[in-house]
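Please examine the sequence and the three-dimensional structure shown below. The report that accompanies them is written for a reader who is new to protein structure.

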Amino acid sequence: MANLNESFHGFHTQNWAQAISEHEQSGTNYVIATVLGTNGSTPRGTGSKMVISGEHIYDTLGGGHLEYAVIEKARELLAKNEAAQVIEQFNLGANLGQCCGGAATVILECMQCERFTLDIFGAGHVAQALITVLAQLPIRIRWIDSRADVFPEFIPNNVIKVVDEEPTSQVKHAPVANNYLILTHNHQLDFALTQAILKRNDANWLGVIGSDTKAQRFKQRLSHRDFTPAQISLMTCPVGLENVTGKLPMEVAISISGQLIGLYQTTHKPIPKRQGLQWRTLKNALINASQEDIDA
């Protein structure tokens, strides 16, 4: 078994209910682990819960090897990237080397809530106005800029701030079928980002702020660098709704957010209906837990 302390990397003090709210808002998949029943001495009793995501853990089932095993199993479920519910029996003595000596029955519910993903490059006035709108939507955002001091103090839960002196290096970290919005202060950086994104050949959408003149110049430069017409056509520039005009940061932000809302409503696949455990499976688990209590 790996170092037990490693399982608690990323521990947060929020309770499980707060964690669920944050993950649903940010669109991050997570697992709810709930103690269904106990036998003998256990760290925590029936009904105790914790929440586990790919990088973080919230609340506790009492710590120790039991919690480590639950976290490990939860992340196995998350890696499958599908909704699931499983029941696991944990023997705190023989199997886990825990001195309590009891046993716990735990249900793990893997929740799939990941939504539309978007990388925003640039943290200037338009981007800051835009974030205030997108923070209220089921969109998962990486907000990227080389200048740490331009970001606001408050970053919404569905936004990950990334400071990188070479923003183009972040393109390789984006998920497949990602959406990109380029709002930087530098036209040459905009073009470098556009090239890097188009070279991946897997973007769902690419928006670049600018004028018709900028769009034509970018298209010419891209064609001279052997990008195909199909690749070039992925770039949307100017970005935003044509019927929402104005040059104030919030006006531009509203125009772009309207376009993004239309995009995610069109491309977002409905979340598959979450299938619960069969009653017989749950019943048998509860019977087994009750029988262990009688035998103890």
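The sections below describe the overall make-up, the cores, two helix pairs and some features of the backbone.

## Overall make-up

The model is a predicted one. Its secondary structure consists of eight helices and 12 strands. The protein has 296 residues, of which 44% count as buried.

Contacts between residues at least 6 apart in sequence may be sorted by their separation along the chain. Of these contacts, 62% join residues at least 24 apart.

## The nonpolar cores

The largest nonpolar core contains 26 residues. Within this core, the residues with the most contacts are Leu118, Ile120, Leu134, Leu181 and Ile256. Four elements each give two or more residues to the core: strand S7 (116-121), helix H3 (125-134), strand S8 (139-145) and helix H7 (249-267). Another core lies apart from this one; it has 22 residues, including Val162, Phe191, Leu193 and Phe218.

Leu134 deserves a separate description. When its neighbours within four places in sequence are left aside, Leu134 is in contact with Leu118, Ile120, Ile139, Ile141, Asn158, Ser257 and Leu260.

## Helices H3 and H7

Two packed helices are described by the angle between their axes and the distance between the axes. The axes of H3 and H7 cross at roughly 50 degrees and come within 8 Å. H3 is therefore oblique to H7, and the crossing of the two helices is right-handed.

On the side of H3, the contact is made by His125, Val126, Ala129, Leu130, Thr132, Val133 and Leu134. On the side of H7, the residues are Pro249, Met250, Val252, Ala253, Ile254, Ile256, Ser257 and Leu260. The residues of this contact divide into 12 nonpolar, three polar and no charged.

## Helices H4 and H5

Helix H4 (residues 187-200) packs against helix H5 (residues 212-224) at an angle of about 50 degrees, and their axes are 11 Å apart. H4 and H5 are therefore oblique to each other. Their crossing is right-handed.

H4 contributes His187, Gln188, Asp190, Phe191, Thr194, Gln195 and Leu198 to the contact, while H5 contributes Lys214, Phe218, Arg221 and Leu222. Sorted by character, the residues of the contact of H4 with H5 are four nonpolar, four polar and three charged. Phe191 and Phe218, which take part in this contact, are also among the residues of the core of 22 residues.

## Features of the backbone

Which residues does a cis peptide bond join? The bond joins Cys237 and Pro238, and its omega is about 0 degrees. Pro238 lies in the loop between strand S12 (235-236) and H7.

Positive phi values occur at Asn201 and at Asp226, and neither Asn201 nor Asp226 is a glycine. Phi of Asn201 is near 60 degrees, and Asn201 lies in the loop between H4 and strand S11 (205-208). Asn201 counts as exposed because its relative accessibility is 57%, and the cut-off for exposed is over 50%. For Asp226, phi is about 70 degrees. Asp226 lies in the loop between H5 and helix H6 (229-233). Asp226 likewise counts as exposed, because its relative accessibility is 69%.

Key
Residues numbered from 1 in each chain as written. Predicted model: local features only at pLDDT ≥ 70, side-chain atom pairs only at ≥ 80, totals over all residues. Heavy atoms only, no water. Core = buried A, V, L, I, M, F, W, Y, C linked by side-chain atoms within 4.5 Å. Buried < 20%, exposed > 50% of the residue type's maximum accessible area, 1.4 Å probe, protein only. Contact = heavy atoms within 4.5 Å. Axes fitted to C-alpha atoms, helices over the stretch in contact; angles between N-to-C directions. Parallel < 35°, antiparallel > 145°, perpendicular 65-115°, else oblique. Left-handed = near helix turned anticlockwise from the far one by under 90°. Nonpolar A, V, L, I, M, F, W, Y, C, P; charged D, E, K, R; others polar.
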